[in-house]
Amino acid sequence: MNRFLIIDGLNLVRRIHAAQPNESDVNGLAERVTSACRKLLGKHKPSHVTLVWDGDAISWRKQLYEDYKKGRKPMPEALSQTLPALKQHLAERGFHSIDAVAEADDVIATLASKMVKANGEAIIVSTDKGFTQLLSPNIQLWDHFNQQAITIEDREHQLGVDRSQFIDFLAMAGDSGNKIPGIPGIGPKSACELLKTFRTLANVYASLDKIGAKQAKKLEEGRALARLSYKLVQLQTDIPLNTRLANFRVAQTTKA
């Protein structure tokens, strides 16, 4: 069975670089990233591997909602300038890249989903818990820095809802890390209670007459934001990719 190791490039590299006291210091970064990639190969023993990088275009999420990911700390200039050389360094050692037009997330989600449809396995290397919505018996999420899988059960415990309710929960409660608004006045506790009672976001809105007047008013007034937040949270798994799996087969040189 094919096993595709899909590395969230900037998620890995920015955290490795952040361990440096001086953000302008990129000496040895390429070697540290290569070492991390080889460690991941040794751990997961994939048949294929790639790093997926964010592009410079404005994402469709940002176009849909201007405040999406607003306030994120920009990439240090020295790191930004060294990325082309870093990608070349990795490619020369068998770690080939895919450059997304905008966000890497949907490219990663599409690669993983396509691999599973082809009866393979996918391991996503990222600390981004947004990928938990993809988890299945054949899609795993791996936190390289804590050396552990991020499981569906972990996410269920964290949010207090069932795996089928992750997106509905965030559509109501929002996601402060990504500046996804959710419904004003409906926080995590309320979202959790509503989903325990009504199971889905659609059922919540079909049952406003069964909810207290004050909360029902918040839900009604926040209907458009709930719909927007749902779209922002949901990963796309079918975007066009102009590439072939064979381009990312692990070679003997990569393993060395």
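**Entry 1. Record and chain span**

I began with the UniProt record, an unreviewed entry, which lists residues 2-251 under "domain: 5'-3' exonuclease". The model I have open is a predicted one. Over residues 2-251 I read 45% helix and 11% strand. The C-alpha atoms at the two ends of that span lie 14 Å apart.

**Entry 2. Sheet**

I looked up the strand order next. Six strands form an open sheet in the order β3-β2-β1-β4-β5-β6, and the pairing is mixed. At the edges I find β3 and β6 (148-149), each paired on one side only.

I then took one strand pair in detail. β1 (residues 3-8) and β2 (residues 48-53) run parallel and are joined by five bridges. Within this pair, Ile6 stands opposite Thr50 of β2. I also checked what packs on the sheet here: helix α4 (residues 77-92) does, with contacts to β2 and β3. The direction of α4 makes about 175° with that of β2.

**Entry 3. Second largest pocket**

How much space lies in the second largest pocket? I noted about 280 Å³. Its lining comprises 17 residues, and those nearest the centre are Ala100, Val101, Glu103, Val107 and Ile239.

Which elements supply at least two residues each to this lining? I listed α3 (60-64), β3 (97-99) and α5 (105-117). β3 thus appears twice in my notes, as an edge strand of the sheet and as a contributor to this pocket lining.

By residue class, I sorted the lining into nine nonpolar, four polar and four charged residues.

Definitions and conventions. Residues are numbered from 1 along each chain as its sequence is written. This is a predicted model: local features need pLDDT of at least 70, side-chain atom pairs count only at pLDDT 80 or more; totals for chains, interfaces and linings use all residues. Side-chain values use heavy atoms; hydrogens and water are left out. On a 1 Å grid over the protein atoms alone, a cavity is a set of points where a 1.4 Å probe fits but cannot get out, and a pocket is an open set with protein on both sides within 12 Å along at least five of seven lines; lining residues have an atom within 4 Å of a point. Grid points are joined across faces, edges and corners, and a volume is the space filled by probe spheres set on the points. Helices (H or I, at least four residues) and strands (E, at least two) are DSSP runs, numbered from the N terminus. Ala, Val, Leu, Ile, Met, Phe, Trp, Tyr, Cys and Pro count as nonpolar, Asp, Glu, Lys and Arg as charged, and the others, Gly among them, as polar. UniProt positions are given in the numbering used here, feature names are shortened, and annotations may be inferred rather than shown by experiment. Two strands pair if DSSP finds at least two bridges between them. Contact means heavy atoms within 4.5 Å. Axes are lines fitted to C-alpha atoms, for helices over the stretch in contact, and angles run from 0 to 180 degrees between N-to-C directions.
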